Amino acid sequence: MILFENVTKKYRGAQRPALDGIDLRVDRGEFVFIVGASGSGKSSCLQLILREEQPTGGTVHVLGHDLSKISSRKVPYFRRNLGMVFQDFRLLTNKTVYDNVAFSLQVIGKSRGFIQEAVPDTLEMVGLEGKGKRYPHELSGGEQQRVAIARAIVNKPAILLADEPTGNLDPATSLGIMQLLRAINAAGTTVVMATHEAAFVDIMQQRVVELSQGVVVRDEQSGGYGETASIPVMDLTEQGARVLRTTEAVVRAALAPETGVVETPSAAAEPAPQQAPAAETQASAPVVAAPVAPAPVVPAAAAVAPPEDEDPLDLTVRADGTNAAQARRVPGFLAPNEIDPVELAAKGGLAERLGLSGSQDDDQTDVGPVR
Ligand SMILES: Nc1ncnc2c1ncn2[C@@H]1O[C@H](COP(=O)(O)OP(=O)(O)OP(=O)(O)O)[C@@H](O)[C@H]1O
């Protein structure tokens, strides 16, 4: 699905390559974390996949296409298969939540009928049902990120790329976003996420690819962030350093403060979570956005919308593309009460199961920053 063959990327004027001989293969349906110190090349990887940048050497294949052979004219069509989420909110501040999501379908010529069906379904999926008429500044940070994710998946992309999607969020809110990304993955979308969030990488137990100075130094299935030995704290922003100090115990305590889930002495010594109420978890979402596809997680009715053109690059994931193997990979932490994300995706109700569905008049959420 994604294949890097001896890929080198050297930016003009740079003394050393940002990526240096990268070989990497990501198969359909995988959830892959790309970790590494600031400047190690994580974002460059994502930009090459998105064909925002082109390699100086080597080849990048995505969805069966050698990206060097896709003409500039065809790049927008190719990108319809990809969704992108960023750390900073890139919402259109003068558009409502609904219009932010609808916009990404309008620009690719989807019909009004398709949009009217897909947008509400996607907003429900990400836990924003009933908030379509709000503007970004009327949402918490976590909610804004959910809008961005909705925008990224509304066209049911085969691949969702996320560049530090929880970088601006508190631990509890971040975990809600991670649950959402994992559910989207469980429904069939391949997810590649660059992050400094050590706690979440450990919790998620997914594949971890670690970069150091443009080289892959680790590629582990079900890995964790480990000791983050190759991440010099002095290289991190203040925010990045804070995130590295986040622990699973802090996240769990933030999610369920009433249960006092602080299990270890070291965890007890952690600073208190910034925000505790579980309800807030649902509301905050960060940023992002390019269209992606809620394919899997979307209720069946929305997931079967037929393609509207004959674009040979349209490899959008369909709702029936999920499989049991993916379901088995869902860690228990993300699947309380033996929830099966794939089954849930097929039946709908994902947002409710994850505790993301807010009431129509939910005004309890904090209003977060708008970027
Ligand atoms: N457009 C650019 N022009 C010149 N150099 C760049 C450009 N983009 C990235 N670089 C350089 O390439 C290297 C890798 O950067 P990249 O953004 O890929 O790393 P990163 O791991 O994503 O870092 P961070 O975690 O800080 O976002 C860095 O040395 C960076 O300065």
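## A walk around helix H3

Let's start inside helix H3, where the buried residues are Val 97, Tyr 98, Asn 100, Val 101, Ala 102, Ser 104 and Leu 105. The helix runs over residues 97-106, and with seven of its ten residues buried it is mostly covered. Keep in mind throughout that you're looking at a predicted model.

What sits on top of those buried residues? The cover includes helix H4 (112-125) and helix H5 (141-153). It's worth taking these two partners one at a time. Two packed helices are described by the angle between their axes and the distance between the axes.

Take H5 to begin with. Its axis and that of H3 are 8 Å apart, and the packing angle is about 25°. Angles under 35 degrees count as roughly parallel, so H3 and H5 are roughly parallel to each other. Their crossing is right-handed. On the H3 side, the contact is made by Val 97, Asn 100, Val 101 and Ser 104, while H5 brings Val 147, Ala 150 and Arg 151. Look at the numbering of those residues with helix geometry in mind: an α-helix has 3.6 residues a turn, so residues three or four places apart point the same way. Sorted by class, the residues of the H3 contact with H5 come out as four nonpolar, two polar and one charged.

Now swing round to H4. Here the axes of H3 and H4 come within 10 Å and cross at roughly 130°, which makes H3 oblique to H4. This crossing, too, is right-handed. H3 puts Val 97, Tyr 98, Val 101, Ala 102, Leu 105 and Gln 106 into the contact, and H4 answers with Phe 114, Ile 115, Ala 118, Val 119, Thr 122 and Leu 123. The class count for H3 with H4 is ten nonpolar, two polar and no charged residues. If you compare the two residue lists, Val 97 and Val 101 of H3 turn up in the contact with H5 and again in the contact with H4.

Follow the chain out of H5 and you get to Lys 156, in the loop between H5 and strand S7 (159-163). Its phi is near 55°, a positive value in a residue other than glycine. Is Lys 156 buried or exposed? It counts as buried, because it has 31 C-beta neighbours inside 10 Å.

A second residue with this sort of backbone is Arg 51, which isn't a glycine either but has a positive phi of about 60°. You'll find Arg 51 in the loop between H1 and strand S4 (57-62). Its surroundings hold 19 C-beta neighbours inside 10 Å, so Arg 51 counts as partly exposed; the cut-off for buried is 20 or more.

At the other end of H1 there's Gly 39, in the loop between strand S3 (31-36) and helix H1 (42-49). Gly 39 has 14 C-beta neighbours inside 10 Å and therefore counts as partly exposed. It's also a spot where separate parts of the chain come together: Ala 18 is 21 residues away along the chain, yet the C-alpha atoms of Gly 39 and Ala 18 are separated by 7.5 Å.

Asp 66 tells a similar story over a sequence separation of 63 residues: its C-alpha is 9.2 Å from that of Leu 3. Asp 66 is found in strand S5, which covers residues 65-66. Asp 66 is exposed, because there are 12 other C-beta atoms within 10 Å. Setting aside neighbours within four places in sequence, the contacts of Asp 66 are with Thr 59 and His 61.

Stepping back to the whole protein, there are 15 helices and ten strands. Of the 371 residues, 51% are buried. Long-range pairs matter in the count of contacts: among those between residues at least 6 apart in sequence, 75% join residues at least 24 apart.

Finally, how far does the confidence go? The mean pLDDT of the protein is 72, and 60% of its residues reach 70 or more. Over residues 250-310 the pLDDT is below 50, although this stretch has 202 contacts in the model beyond near neighbours in sequence. Residues 353-371 are also below 50, with 47 contacts of that kind. Where pLDDT is low, the predicted coordinates should not be read in detail. As for the overall scores, the model has ipTM 0.97 and pTM 0.69.

Notes:
Residues are numbered from 1 along each chain as its sequence is written. This is a predicted model: local features need pLDDT of at least 70, side-chain atom pairs count only at pLDDT 80 or more; totals for chains, interfaces and linings use all residues. Helices (H or I, at least four residues) and strands (E, at least two) are DSSP runs, numbered from the N terminus. Two residues are in contact if their C-beta atoms, placed from the backbone, lie within 7 Å. pLDDT is the predictor's confidence in each residue, from 0 to 100. Axes are lines fitted to C-alpha atoms, for helices over the stretch in contact, and angles run from 0 to 180 degrees between N-to-C directions. Angles under 35 degrees count as roughly parallel, over 145 as roughly antiparallel, 65 to 115 as roughly perpendicular and the rest as oblique. A crossing is left-handed if the near helix is turned anticlockwise from the far one by less than a right angle, and right-handed if clockwise. Ala, Val, Leu, Ile, Met, Phe, Trp, Tyr, Cys and Pro count as nonpolar, Asp, Glu, Lys and Arg as charged, and the others, Gly among them, as polar.
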